[in-house]
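Reader: I should like a close look at how the helices and strands of this model are packed against one another. Please give a single connected account.

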Amino acid sequence: MTVHPSLQNYADAWSHSIEAIAELVQPLVEGEWNRRTPCPGWSVRDIVSHVIGLECEMLGDPRPIHTLPRDLYHVQSEISRYMEMQVDVRRHHTAPEMTSELEYTIIRRNRQLRNENRQPSTMVRAPLGTEQTLEQAMRTRAFDIWVHEQDLRTTLSKPGNLASPGALITRDVLLAALPKAIAKEAGAPPNTAIVLDVHGPVEFLRTIRVDADGRGTIDGSPSLGPAVTLVMDWETYFRLACGRVRAAAVPDRIKTDGDADLAAAILREFAVTQ
């Protein structure tokens, strides 16, 4: 690959995860493509359709012209409608059609990455007709692909790659969104600190600090008197943060210490992406 050095880890993580997805779905029989996944409203087929669709958009392909049904309960925002278009247009595709399109899309994207020589700051297409930097786009694709790989692994009972390159990118993406979730959505009081202690295949300790103006920041320094301490394993952390599970459904996998009301509020607002 010839991508800029600062983009190489995103390209490597993307490649690792999307090849894993291809390997997971290749042997599936027709009925297995309809199995429900932890991603709200989406089946195995829907996740693979989403992956294909967004990778095609990275290639510059035009979006499909398609009218969504009115009864899709999980489609409740402009961004979810945008994402659903690539999914719904493939809902009646057969298993061979899905695997062949996925394989062809991976080949095309690998070729694009081999020839990629743009700077990380180059502006590229983003959802809803907006733009983003190439670096942001590649980071988001690496994150998105790894999370959906895990959705498929959960559904198909084939765990793995919990500490792969995509897992580390996912950790950083999710942690970057946590200060706002805690300071704004959960309403953590000014001048407080919340400690997050995650163990397992990916381990880390982070402190989210809310300043006097109510703004949240995050760092790796311990806090001597946190208002709340949350302890959980890595799989529980990313499933909560990605909206795949609610804290009430996994109380045995989360340990809280400190202000019980604030801890409950934080866990209610813990999902920073869907």
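Author: Helix 2 and helix 4 cross in the left-handed sense in this predicted model. Helix 2 comprises residues 44-58 and helix 4 residues 95-114; their axes come within 10 Å and cross at roughly 30 degrees. Because the limit for roughly parallel is under 35 degrees, helix 2 counts as roughly parallel to helix 4. From helix 2, the residues Arg45, Val48, Ser49, Val51, Ile52, Glu55, Cys56 and Met58 take part in the contact, and they meet Ala95, Met98, Glu101, Leu102, Thr105, Arg108, Arg109 and Gln112 of helix 4. By character, the residues of this contact divide into 8 nonpolar, 3 polar and 5 charged.

A second helix pair is formed by helix 1, residues 8-25, and helix 6, whose axes lie 8 Å apart at an angle of about 120 degrees. That angle makes helix 1 oblique to helix 6. The crossing of helix 1 with helix 6 is left-handed. Here Asn9, Tyr10, Ala13 and His16 of helix 1 meet Pro165, Gly166 and Ile169 of helix 6. The contact of helix 1 with helix 6 has 4 nonpolar residues, 3 polar ones and no charged residue.

Helix 6 also leads to the sheet. The sheet is open, and its 5 strands follow the order 5-4-3-6-7 with mixed pairing. Strand 5 (216-219) and strand 7 (254-258) each have a single partner strand and stand at the edges, so one side of each lacks a neighbour in the sheet. On average, neighbouring strands of this sheet are turned by 15 degrees against each other, direction ignored.

The mixed pairing can be followed strand by strand. Strand 3, residues 192-199, runs parallel to strand 6, residues 228-233, and 6 bridges join the two. One residue pair can be named: Val195 has Thr229 in strand 6 as its bridge partner. Helix 6, which spans residues 165-185, packs on the sheet and touches strand 3, strand 4 (204-210) and strand 5; the direction of helix 6 makes about 30 degrees with that of strand 4. Helix 7, residues 234-241, packs on the sheet as well, touching strand 3, strand 4, strand 6 and strand 7, and its direction makes about 110 degrees with that of strand 6.

Strand 4 and strand 5, by contrast, pair in the antiparallel sense, over 4 bridges. Val210 stands opposite Gly216 in strand 5. These two strands form a hairpin with 5 residues between them, and in the turn Gly214 has a positive phi of about 85 degrees.

A single residue of helix 6 brings several of these elements together. Leu175 is placed in helix 6. With a relative accessible area of 5%, Leu175 counts as buried, because the cut-off for buried is under 20%. Leaving aside residues up to four places away in sequence, Leu175 touches Leu196, Phe204, Arg206, Ile218 and Tyr237. Leu196 falls within strand 3 (residues 192-199), Phe204 and Arg206 within strand 4 (204-210), and Ile218 within strand 5 (216-219). Tyr237 belongs to helix 7 (residues 234-241). Leu175 and Asp219 are 44 residues apart in sequence, with a C-alpha to C-alpha distance of 9.8 Å in space.

Methods:
Residues numbered from 1 in each chain as written. Predicted model: local features only at pLDDT ≥ 70, side-chain atom pairs only at ≥ 80, totals over all residues. Heavy atoms only, no water. Pairing = 2+ DSSP bridges. Axes fitted to C-alpha atoms, helices over the stretch in contact; angles between N-to-C directions. Contact = heavy atoms within 4.5 Å. Parallel < 35°, antiparallel > 145°, perpendicular 65-115°, else oblique. Left-handed = near helix turned anticlockwise from the far one by under 90°. Nonpolar A, V, L, I, M, F, W, Y, C, P; charged D, E, K, R; others polar. Buried < 20%, exposed > 50% of the residue type's maximum accessible area, 1.4 Å probe, protein only.
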